[in-house]
Amino acid sequence: MTEKKSARSKVQNFGSFLSSMVMPNIAAFIAWGFLTALFIPDGWIPNENFATLVDPILIYAIPMLIAYTGGNIVNPRMGGVVGAIATMGAIVGSEQKMLVAAMVLGPLSAWLLKKIQDAYDGHVKSGFEMLVNNFVAGFLALGLSLFAYVAIAPVMEGLLNILSTGVDWLVQRRLLPLVHIFVEPAKILFLNNAINHGIFTPIGLNQVEKAGKSMLFMIESNPGPGFGVLLAYMIAGKKNEKASAFGASIIQVFGGIHEIYFPYILMNPKLLIATILGGMSSTFLLELLNGGLVASPSPGSLISWILLTPKGSYLPTIIAFAVSTVVSMIVALPIIRNAKDTGKSLDEATNDMKDTKANKTVAKRPANTNLADTKKIIFACDAGMGSSAMGASILKKKVKEAGLDDIEVRNVAIPQIPDDADVVITHEDLTERAMQKNNNAYHVSVKNFMQAPEYDQLVTDIKEARANGEAKTKSTEKIENQTVSPDKEEVETVVYSADGKKISDKKIEEKTNNNSSVLKKENILLNQKFNSKEEVIKKVGKIMQESGYVDSEYTKGMLQRENEAPTHFGIGLAIPHGTNETKSAIKKSGLVVFTIPEGVKWDDETVKLVIGIAGVGDEHLSILSNVATKIDNEEIVNDVVENKSQDEIYEILTSEV
């Protein structure tokens, strides 16, 4: 069972990685889709001059954007540049569109560059680092570009031809609806990103270039089957299921967040039959009516479907959505009515969904782990701006009090976990992903970043390991000139090799107090009332948007983050924030604070204090440090909520720790 979970988790993470390359560039896909729909000869307003932009954007711009994004994720040190140039070789070497090649060459090129950079790191004479880095990256980009032209392009062209031929074979024989037998269960297992971005999008874009639209964009993104199941629950479900299904249906259809209906399927897995038949009926009608979209809708909402429908195809789009909804609802109704009372509750199914997505496991530690050598402790969460920042603040204090001043403690997003991390701390829902990013570190899973006994245990273990003389000594290096200034953020450390040459020099960063710009008094709202955590998050997002901190996509990211791992801390405090994918929606750092004296249900906790976060860099971390050190138990949270004024709360959060 464990092996199956591990394999599934790997596929989920692969899909997530594909998504992380594609999602930041969705705007480019949409721009190209509208350009095609408007200006090609069969478009809404044909324009011969504007239509000349269609091919260059699809052939060159979009693949290079994907390659750059993927390369930059793997190696921010010029990985994106090398990946983009390497992809150009594949683009020029093939007549096919090299989207799949970009997804391969971008991260692969960046990984190769990283390995080369790591090999000579510390061996370049001071002052020549930039010169060496640029020439190494340039020559690698040249070599990979030539290799891609000669070898990668033919392979990718052959693969795409095989996939396209397979899809054409299914379409010609009216068998494409059968793919829903695999797609609908895969969505519930969170494998939709691997299917949608890895297969449907590349082939669909080729079809759009030839036919002006593609129905492949409408297979995984169809909101109809899920909506049909939710309608069936509104009609035949229990009282609490009816109430929750109504709100979920709004989010499903108009927000495009399909995860909202997954718990309702997990309550009764037989309902997969309803979504499969609903999806099959929709795709069958799209084949008959020649429907399709001009680009991949993101999110998969009815609004996105309509906006991306080309001229003359609105009727197939509406009919496909309506029929898939009705079929799914009709099939789901008897399944729900005949369901036994011994089935799972909605709360149990929701927890199962979180477990399935996170694939929780007990963290493994490498057999050769020696905690005495610990120099870098990394807190990681999905976005690296909220929960992990709180945990890092708490552990920094404990490490300092223990006299372990040589240990660096910081927080990052999971994709940015460094290879040289000695210890990685994550929420238990995210440990599997962290282990796949760095399997050489000592991994610690916690349930609550604010009140984790694992922190004290980790500090004790490190101290005992060092006291027992287990620390390894390095005969080839010595550390000198270590100084600490009260006005500096970091320790200044210069490392020399045995022959006296400087290896590295960690620059000192001045402390800056940007708290007044990150938190405004008017964004501290007292005595609020809410009926659900979703209502709270939407209000947080609205205020952030009105304050110029974020755009509208960030609210969706906060809602998605709650589906992946909880943002409450078990003491009446919640710190909602977006996912790593929605960091691009942040314009500048900002916080929003609510006090909720009556409390609001937040999963299995009651939350009275909410601090919403949108963080760019480290500007918001000093405020989170204040929260971690000053508001660290339920009694203090209650006191803040019941007795503190707006000015007092502002002073607590913004004053220096």
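In the predicted model, helix α25 spans residues 646-654, and its buried residues are Ile-649, Tyr-650, Leu-653 and Thr-654. Viewed down the axis of α25, these buried residues fall within an arc of 115°, so they line one face of the helix. The spacing of such positions follows from helix geometry: an α-helix has 3.6 residues a turn, so residues three or four places apart point the same way.

The chain that contains this helix has 657 residues, of which 52% count as buried. Its secondary structure comprises 25 helices and 11 strands. Among the contacts with a sequence separation of 6 or more, 71% join residues 24 or more positions apart. The chain exposes about 29,900 Å², and carbon and sulfur atoms supply 57% of that area.

Transmembrane regions are listed in an unreviewed UniProt entry at residues 21-44, 50-67, 135-155, 216-237, 243-264, 271-294 and 314-336. Two of the spans in that record were examined in the model. Residues 50-67 are 89% helix and 0% strand, with the end C-alpha atoms 26 Å apart. Residues 243-264 are 73% helix and 0% strand, and here the end C-alpha atoms lie 13 Å apart.

Several individual positions illustrate how helices pack in the model. Ser-109 belongs to helix α6, which covers residues 99-120. With a relative accessible area of 1%, Ser-109 is buried. A polar atom of the Ser-109 side chain lies 2.6 Å from the backbone oxygen of Leu-105. Apart from residues up to four places away in sequence, Ser-109 touches Val-82, Gly-83, Ala-86, Leu-140 and Leu-144.

Ala-84 is part of helix α5, residues 79-92. It is buried, its relative accessible area being 8%. When residues up to four places away in sequence are set aside, Ala-84 touches Met-64, Ala-67 and Tyr-68. Ala-84 and Ala-141 are separated by 57 residues in sequence, whereas their C-alpha atoms are 8.4 Å apart in space.

Ile-335 is located in helix α15, which runs over residues 314-337. The relative accessible area of Ile-335 is 16%, and the residue is classed as buried. Beyond residues up to four places away in sequence, Ile-335 touches Asn-268, Lys-270 and Leu-271. Its C-alpha atom is also 8.9 Å from that of Ala-274, a residue 61 positions away along the sequence.

A partly exposed helical position is provided by Arg-466, with a relative accessible area of 23%. Arg-466 is situated in helix α19, residues 453-467. Neighbours within four places in sequence aside, Arg-466 is in contact with Ala-372, Thr-374, Lys-375, Leu-404, Asp-406 and Ile-407. The C-alpha atoms of Arg-466 and Asp-373 are separated by 8.1 Å, although the two residues are 93 positions apart along the chain.

Backbone geometry was also considered. Most residues other than glycine have a negative phi, and most peptide bonds are trans. Asn-290 has a positive phi of about 60° although it is not a glycine. This residue, Asn-290, lies in the loop between α13 (272-289) and α14 (302-307). Its relative accessible area of 51% places Asn-290 among exposed residues. A positive phi is likewise found at Asn-527, where the value is near 55°. Asn-527 occupies the loop between β8 (524-525) and α21 (533-546). Asn-527 is exposed as well, with a relative accessible area of 55%.

Confidence in the prediction was assessed for the whole chain. The average pLDDT is 77, and 77% of the residues score at least 70. Over residues 357-364, however, the pLDDT is below 50, and this stretch has 23 contacts in the model beyond near neighbours in sequence. Residues 470-513 form another such stretch, with pLDDT under 50 throughout and 60 contacts beyond four places in sequence. Where pLDDT is low, the predicted coordinates should not be read in detail.

Note on methods. Residues numbered from 1 in each chain as written. Predicted model: local features only at pLDDT ≥ 70, side-chain atom pairs only at ≥ 80, totals over all residues. Heavy atoms only, no water. UniProt positions renumbered as here; feature names shortened; annotations may be inferred. Helix = DSSP H or I, 4+ residues; strand = E, 2+ residues; numbered from the N terminus. Buried < 20%, exposed > 50% of the residue type's maximum accessible area, 1.4 Å probe, protein only. Contact = heavy atoms within 4.5 Å. Areas by Shrake-Rupley, 256 points an atom, 1.4 Å probe, with all protein chains shown as cover. Arc of directions from axis to C-beta. Polar contact = N/O pair within 3.5 Å; in protein donor to acceptor, adjacent residues only side chain to side chain. pLDDT = per-residue confidence, 0-100.
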